[in-house]
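Student: I would like a close look at one part of this model. Please take me through how its helices pack, and which residues sit where they meet.

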Amino acid sequence: MTRTGGLHSDHRPKQQLPDARKHQIISFVKSGIRIIGYGFLPFNISVAVTLLVVSEAVGILEELV
């Protein structure tokens with residue numbers, strides 16, 4: 001009931017919950033890319049930087065799931 005005595009109607013769209021399984025999988029992929037990127041640092045800085053930038057892009061995707 002509302003203050004005016006009428007029935008309360010909630011027409012707001014329901015918020016979708018994030019998919020925990022997809023978030024976890026993408027997080028593991030991101031971590032794997034990041035570990036490989038750090039592993040490349042002593043050998044090839046260009047590849048290392050590229051992988052670390054890609055891992056950040058995957059991190060953005062992770063937050064959108």
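Tutor: What follows is a walk through the helix pair, from the whole chain down to single residues.

Start with the model itself. It is predicted. The protein chain has two helices and zero strands. It holds 65 residues, and 17% of them are buried. Its accessible surface comes to about 5,600 Å². Carbon and sulfur atoms account for 65% of that surface.

Now the pair. Two packed helices are described by the angle between their axes and the distance between the axes. Take the helices here in turn. Helix α1 covers residues 20-40. Helix α2 covers residues 45-64. They pack at an angle of about 165 degrees. Their axes lie 8 Å apart. Angles over 145 degrees count as roughly antiparallel. The two helices are therefore roughly antiparallel to each other. The crossing of α1 past α2 is left-handed. What kinds of residues make up the contact of α1 with α2? There are 13 nonpolar, five polar and five charged residues.

Next, sequence distance. Consider contacts in the protein chain between residues at least 6 apart in sequence. Of these, 47% join residues at least 24 apart. Three residues show how parts of the chain meet.

Take S55 first. Its place is in helix α2. Is S55 buried or exposed? Its relative accessibility is 0%, so S55 counts as buried. The cut-off for buried is under 20%. Leave out residues up to four places away in sequence, and S55 touches K30, I33 and R34. Look at I33 in particular. S55 and I33 are 22 residues apart in sequence. In space, their C-alpha atoms are 5.7 Å apart.

Move on to E62. This residue is also found in helix α2. E62 has a relative accessible area of 4%, so it is buried. Which residues does E62 touch, not counting residues up to four places away in sequence? They are H23, I26, S27 and K30. K30 is touched by S55 as well. E62 and K30 are 32 residues apart along the chain. Their C-alpha atoms are separated by 8.4 Å.

Finish with K22. Find it in helix α1. K22 has a relative accessible area of 49%, so it counts as partly exposed. The cut-off for exposed is over 50%. K22 and V65 are 43 residues apart along the chain. Their C-alpha atoms are separated by 6.8 Å.

Put the picture together. Helices α1 and α2 run roughly antiparallel. S55 and E62 are buried, whereas K22 is partly exposed.

Terms used
Residues numbered from 1 in each chain as written. Predicted model: local features only at pLDDT ≥ 70, side-chain atom pairs only at ≥ 80, totals over all residues. Heavy atoms only, no water. Axes fitted to C-alpha atoms, helices over the stretch in contact; angles between N-to-C directions. Helix = DSSP H or I, 4+ residues; strand = E, 2+ residues; numbered from the N terminus. Parallel < 35°, antiparallel > 145°, perpendicular 65-115°, else oblique. Left-handed = near helix turned anticlockwise from the far one by under 90°. Nonpolar A, V, L, I, M, F, W, Y, C, P; charged D, E, K, R; others polar. Buried < 20%, exposed > 50% of the residue type's maximum accessible area, 1.4 Å probe, protein only. Contact = heavy atoms within 4.5 Å. Areas by Shrake-Rupley, 256 points an atom, 1.4 Å probe, with all protein chains shown as cover.
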